[in-house]
Amino acid sequence: MFGFFIFVLVVLIILFLFMVKEAFENNVLHHGIPLQGKQEQISLFFISDVHLRKIDEKMIDTVEQPIHAVIIGGDLADKRTPFSRIEENIKLLKTLGPVYFVWGNNDREVGEGNLRELFHKLNVTIIENDAILIPQTQNECWISAIADATSQNADYENAFLKCKGAKNVVFVSHNPEVFRMVRRNYKTDLMMGGHLHGGQIRLGPFGMHPHGSFSIREGVPTLISNGYGTTAFPLRFGAKPQCHIITLNFEGQ
(Lines give C-alpha, C1' and ligand atoms only; values in the text may rest on other atoms or scores of the structure.)
Protein backbone atom coordinates (compact mmCIF):
# COMPACT_ATOMS: atom_id res chain seq x y z
CA MET A 1 0.00 0.00 0.00
CA PHE A 2 2.82 2.40 0.87
CA GLY A 3 4.55 1.56 -2.41
CA PHE A 4 1.37 2.36 -4.34
CA PHE A 5 1.10 5.69 -2.54
CA ILE A 6 4.69 6.56 -3.50
CA PHE A 7 3.98 5.57 -7.11
CA VAL A 8 0.91 7.82 -7.27
CA LEU A 9 2.82 10.67 -5.65
CA VAL A 10 5.66 10.38 -8.18
CA VAL A 11 3.17 10.33 -11.07
CA LEU A 12 1.46 13.46 -9.71
CA ILE A 13 4.77 15.28 -9.31
CA ILE A 14 5.79 14.39 -12.87
CA LEU A 15 2.39 15.53 -14.17
CA PHE A 16 2.64 18.80 -12.25
CA LEU A 17 6.12 19.52 -13.61
CA PHE A 18 4.94 18.72 -17.14
CA MET A 19 2.02 21.15 -16.75
CA VAL A 20 4.37 23.90 -15.55
CA LYS A 21 6.73 23.22 -18.46
CA GLU A 22 3.86 23.36 -20.97
CA ALA A 23 2.58 26.63 -19.49
CA PHE A 24 5.90 28.33 -20.23
CA GLU A 25 6.42 27.04 -23.75
CA ASN A 26 6.80 29.49 -26.63
CA ASN A 27 4.85 28.53 -29.73
CA VAL A 28 4.57 30.92 -32.66
CA LEU A 29 1.98 29.69 -35.14
CA HIS A 30 1.94 30.92 -38.75
CA HIS A 31 -1.22 31.48 -40.80
CA GLY A 32 -1.62 32.74 -44.34
CA ILE A 33 -4.67 34.39 -45.90
CA PRO A 34 -4.96 35.09 -49.65
CA LEU A 35 -6.47 38.46 -50.59
CA GLN A 36 -6.89 40.43 -53.79
CA GLY A 37 -5.01 43.67 -54.29
CA LYS A 38 -1.61 45.04 -55.24
CA GLN A 39 0.99 42.34 -54.80
CA GLU A 40 2.18 42.60 -51.20
CA GLN A 41 2.50 40.74 -47.91
CA ILE A 42 1.20 42.38 -44.74
CA SER A 43 2.25 40.58 -41.57
CA LEU A 44 0.47 40.83 -38.23
CA PHE A 45 1.76 39.56 -34.89
CA PHE A 46 -1.12 38.61 -32.59
CA ILE A 47 -0.77 37.89 -28.88
CA SER A 48 -3.48 37.71 -26.23
CA ASP A 49 -3.95 36.75 -22.60
CA VAL A 50 -0.41 37.47 -21.45
CA HIS A 51 -1.61 38.08 -17.87
CA LEU A 52 1.27 37.66 -15.42
CA ARG A 53 3.67 36.03 -17.86
CA LYS A 54 6.91 37.64 -19.03
CA ILE A 55 7.18 37.56 -22.81
CA ASP A 56 10.22 35.58 -23.84
CA GLU A 57 12.87 37.70 -25.57
CA LYS A 58 14.31 34.71 -27.43
CA MET A 59 10.89 33.99 -28.91
CA ILE A 60 10.63 37.57 -30.16
CA ASP A 61 14.12 37.27 -31.66
CA THR A 62 12.98 34.31 -33.78
CA VAL A 63 10.57 36.57 -35.69
CA GLU A 64 12.51 37.40 -38.84
CA GLN A 65 9.89 38.80 -41.21
CA PRO A 66 8.86 42.47 -41.06
CA ILE A 67 5.76 42.98 -38.88
CA HIS A 68 3.37 45.73 -39.93
CA ALA A 69 1.23 45.62 -36.77
CA VAL A 70 1.55 43.98 -33.37
CA ILE A 71 -1.95 43.38 -32.01
CA ILE A 72 -2.48 42.72 -28.30
CA GLY A 73 -5.86 41.00 -28.15
CA GLY A 74 -6.69 41.82 -24.54
CA ASP A 75 -5.70 40.68 -21.05
CA LEU A 76 -2.17 41.99 -21.31
CA ALA A 77 -2.42 42.22 -17.52
CA ASP A 78 -4.50 41.39 -14.49
CA LYS A 79 -4.44 42.29 -10.80
CA ARG A 80 -1.38 40.07 -10.22
CA THR A 81 0.79 41.79 -12.85
CA PRO A 82 3.47 44.24 -11.67
CA PHE A 83 3.40 47.44 -13.68
CA SER A 84 7.09 47.04 -14.45
CA ARG A 85 6.26 43.71 -16.14
CA ILE A 86 3.60 45.35 -18.31
CA GLU A 87 6.04 48.03 -19.44
CA GLU A 88 8.77 45.49 -20.10
CA ASN A 89 6.43 43.33 -22.20
CA ILE A 90 5.26 46.28 -24.27
CA LYS A 91 8.79 47.46 -24.96
CA LEU A 92 9.69 43.98 -26.15
CA LEU A 93 6.68 43.82 -28.48
CA LYS A 94 7.55 47.25 -29.86
CA THR A 95 10.81 45.83 -31.24
CA LEU A 96 8.64 43.97 -33.78
CA GLY A 97 6.56 46.91 -34.99
CA PRO A 98 3.84 49.39 -34.04
CA VAL A 99 1.67 48.09 -31.21
CA TYR A 100 -2.14 48.19 -31.08
CA PHE A 101 -4.10 47.26 -27.97
CA VAL A 102 -7.63 45.89 -27.54
CA TRP A 103 -9.18 45.76 -24.06
CA GLY A 104 -9.76 42.41 -22.33
CA ASN A 105 -11.90 41.67 -19.31
CA ASN A 106 -8.95 41.71 -16.85
CA ASP A 107 -6.81 44.63 -18.01
CA ARG A 108 -8.55 47.31 -15.95
CA GLU A 109 -7.70 45.46 -12.74
CA VAL A 110 -4.34 47.28 -12.73
CA GLY A 111 -6.07 50.66 -13.18
CA GLU A 112 -7.42 51.93 -16.48
CA GLY A 113 -5.90 55.39 -16.03
CA ASN A 114 -2.48 53.92 -15.29
CA LEU A 115 -2.63 51.75 -18.39
CA ARG A 116 -3.75 54.60 -20.64
CA GLU A 117 -0.92 56.77 -19.34
CA LEU A 118 1.62 54.00 -20.00
CA PHE A 119 0.26 53.35 -23.49
CA HIS A 120 0.51 57.06 -24.29
CA LYS A 121 4.08 57.15 -23.01
CA LEU A 122 5.09 54.12 -25.12
CA ASN A 123 3.10 55.16 -28.21
CA VAL A 124 0.71 52.21 -28.07
CA THR A 125 -2.53 52.76 -29.98
CA ILE A 126 -5.70 51.69 -28.19
CA ILE A 127 -8.48 50.54 -30.51
CA GLU A 128 -11.89 50.55 -28.84
CA ASN A 129 -15.12 50.89 -30.78
CA ASP A 130 -13.04 52.24 -33.64
CA ALA A 131 -10.98 51.27 -36.67
CA ILE A 132 -7.51 52.34 -37.77
CA LEU A 133 -5.56 51.94 -40.99
CA ILE A 134 -2.33 49.99 -40.84
CA PRO A 135 0.30 52.52 -41.98
CA GLN A 136 2.88 52.18 -44.74
CA THR A 137 1.17 49.51 -46.82
CA GLN A 138 0.25 49.54 -50.51
CA ASN A 139 -3.14 47.99 -49.84
CA GLU A 140 -5.57 49.63 -47.44
CA CYS A 141 -5.95 47.35 -44.45
CA TRP A 142 -8.08 48.21 -41.42
CA ILE A 143 -7.99 46.94 -37.86
CA SER A 144 -11.45 47.22 -36.30
CA ALA A 145 -12.08 46.47 -32.64
CA ILE A 146 -14.71 46.81 -29.96
CA ALA A 147 -14.33 47.58 -26.27
CA ASP A 148 -14.35 44.55 -23.99
CA ALA A 149 -17.60 42.73 -24.74
CA THR A 150 -18.24 41.99 -21.06
CA SER A 151 -18.10 45.70 -20.14
CA GLN A 152 -21.39 46.44 -21.95
CA ASN A 153 -19.57 49.30 -23.70
CA ALA A 154 -18.99 47.49 -26.98
CA ASP A 155 -20.20 49.58 -29.92
CA TYR A 156 -20.14 47.59 -33.15
CA GLU A 157 -21.50 50.37 -35.34
CA ASN A 158 -18.63 52.68 -34.38
CA ALA A 159 -16.11 49.86 -34.73
CA PHE A 160 -17.09 49.49 -38.40
CA LEU A 161 -18.05 53.09 -39.18
CA LYS A 162 -14.72 54.19 -40.70
CA CYS A 163 -14.16 50.97 -42.64
CA LYS A 164 -17.67 50.46 -43.91
CA GLY A 165 -17.39 49.18 -47.47
CA ALA A 166 -13.61 48.75 -47.20
CA LYS A 167 -12.01 45.71 -48.83
CA ASN A 168 -9.61 44.52 -46.13
CA VAL A 169 -10.89 44.55 -42.57
CA VAL A 170 -9.38 42.68 -39.61
CA PHE A 171 -11.81 42.54 -36.70
CA VAL A 172 -10.53 41.98 -33.16
CA SER A 173 -12.49 41.16 -30.04
CA HIS A 174 -10.93 39.76 -26.90
CA ASN A 175 -14.01 37.58 -26.44
CA PRO A 176 -14.69 35.49 -29.57
CA GLU A 177 -18.25 34.73 -28.53
CA VAL A 178 -19.31 37.82 -30.50
CA PHE A 179 -17.86 36.56 -33.77
CA ARG A 180 -20.97 34.85 -35.09
CA MET A 181 -23.06 37.99 -34.70
CA VAL A 182 -20.35 40.14 -36.30
CA ARG A 183 -19.97 37.82 -39.29
CA ARG A 184 -23.67 38.04 -39.99
CA ASN A 185 -23.95 41.81 -39.70
CA TYR A 186 -20.64 43.27 -40.87
CA LYS A 187 -18.12 42.67 -43.60
CA THR A 188 -14.75 41.44 -42.34
CA ASP A 189 -11.90 39.48 -43.91
CA LEU A 190 -10.32 38.11 -40.72
CA MET A 191 -11.44 37.79 -37.09
CA MET A 192 -9.10 37.36 -34.13
CA GLY A 193 -9.67 36.78 -30.42
CA GLY A 194 -8.53 34.92 -27.33
CA HIS A 195 -10.01 34.92 -23.82
CA LEU A 196 -10.79 31.20 -23.63
CA HIS A 197 -7.18 29.96 -23.19
CA GLY A 198 -8.17 26.85 -25.15
CA GLY A 199 -9.57 25.55 -21.88
CA GLN A 200 -6.02 25.79 -20.41
CA ILE A 201 -6.25 22.30 -18.90
CA ARG A 202 -7.78 19.66 -21.16
CA LEU A 203 -8.27 15.93 -21.10
CA GLY A 204 -8.16 15.06 -24.78
CA PRO A 205 -11.18 16.69 -26.42
CA PHE A 206 -12.63 17.74 -23.07
CA GLY A 207 -12.04 21.16 -21.55
CA MET A 208 -13.86 24.09 -19.98
CA HIS A 209 -13.62 25.89 -23.33
CA PRO A 210 -12.91 24.84 -26.93
CA HIS A 211 -9.31 24.43 -28.03
CA GLY A 212 -7.89 27.37 -29.93
CA SER A 213 -8.17 27.17 -33.70
CA PHE A 214 -7.65 28.82 -37.04
CA SER A 215 -10.51 27.96 -39.38
CA ILE A 216 -12.88 29.31 -41.99
CA ARG A 217 -16.25 30.05 -40.40
CA GLU A 218 -19.10 31.12 -42.64
CA GLY A 219 -16.51 32.11 -45.22
CA VAL A 220 -14.40 34.22 -42.84
CA PRO A 221 -10.91 33.19 -41.63
CA THR A 222 -11.20 33.08 -37.84
CA LEU A 223 -8.39 32.84 -35.31
CA ILE A 224 -9.15 31.97 -31.68
CA SER A 225 -5.90 31.79 -29.75
CA ASN A 226 -5.05 29.64 -26.74
CA GLY A 227 -3.34 32.77 -25.45
CA TYR A 228 0.17 33.22 -24.12
CA GLY A 229 -0.21 33.28 -20.34
CA THR A 230 -2.46 31.66 -17.76
CA THR A 231 -5.10 32.60 -15.24
CA ALA A 232 -5.05 31.41 -11.62
CA PHE A 233 -2.25 28.81 -11.65
CA PRO A 234 0.65 28.76 -14.17
CA LEU A 235 -0.35 25.34 -15.46
CA ARG A 236 -1.41 24.02 -18.87
CA PHE A 237 -2.26 20.59 -20.16
CA GLY A 238 -3.35 19.84 -23.71
CA ALA A 239 -3.74 23.54 -24.57
CA LYS A 240 -0.29 24.88 -25.38
CA PRO A 241 0.36 28.63 -25.17
CA GLN A 242 0.31 30.41 -28.51
CA CYS A 243 1.02 33.62 -30.30
CA HIS A 244 0.60 34.08 -34.02
CA ILE A 245 1.99 35.57 -37.19
CA ILE A 246 -0.74 36.13 -39.78
CA THR A 247 0.42 36.95 -43.28
CA LEU A 248 -2.09 38.66 -45.56
CA ASN A 249 -0.97 37.59 -49.03
CA PHE A 250 -2.17 40.06 -51.63
CA GLU A 251 -1.81 38.17 -54.86
CA GLY A 252 -2.22 40.99 -57.36
CA GLN A 253 -5.09 41.67 -59.69
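1. In this predicted model, R53 is placed over the face of Y228, and its distance from the ring centre is 3.8 Å. A second contact of this kind involves W103: the charged end of R108 sits over the ring, 4.1 Å from its centre.

2. Turning to contacts between rings, a search of the whole structure gives 6 aromatic pairs. One of them joins F160 and Y186, with ring centres 4.5 Å apart and planes at 10°. The pair is classed as stacked because planes under 30 degrees apart meet that criterion.

3. The location of this pair in the chain deserves attention. F160 belongs to helix α5 (residues 156-161), whereas Y186 is found in the loop between α6 (179-185) and β9 (190-193). The contact therefore ties together parts that are 26 residues apart in sequence. Both F160 and Y186 are buried.

4. F171 and F179 form a pair with another geometry: the ring centres are 6.3 Å apart and the planes lie at 70°. This angle is over 60 degrees, so the pair counts as edge-to-face. The centre distance of 6.3 Å falls within the 6.5 Å limit for pairing.

5. As to solvent exposure, F171 has 0% relative accessibility and is therefore buried. F179 has a relative accessible area of 2%, which means that F179 is buried as well, since the cut-off is under 20%.

6. The residues of points 2 to 5 belong together: F160, F171, F179 and Y186 make up one aromatic cluster. Within this cluster, the F160 and Y186 rings are stacked, while those of F171 and F179 meet edge-to-face.

How values were computed
Residues are numbered from 1 along each chain as its sequence is written. This is a predicted model: local features need pLDDT of at least 70, side-chain atom pairs count only at pLDDT 80 or more; totals for chains, interfaces and linings use all residues. Side-chain values use heavy atoms; hydrogens and water are left out. Helices (H or I, at least four residues) and strands (E, at least two) are DSSP runs, numbered from the N terminus. Buried means under 20% relative accessible area, exposed over 50%, partly exposed in between (1.4 Å probe, protein chains only). A charge sits over a ring if NZ of Lys or CZ of Arg is within 6 Å of the ring centre and within 35 degrees of the ring normal.
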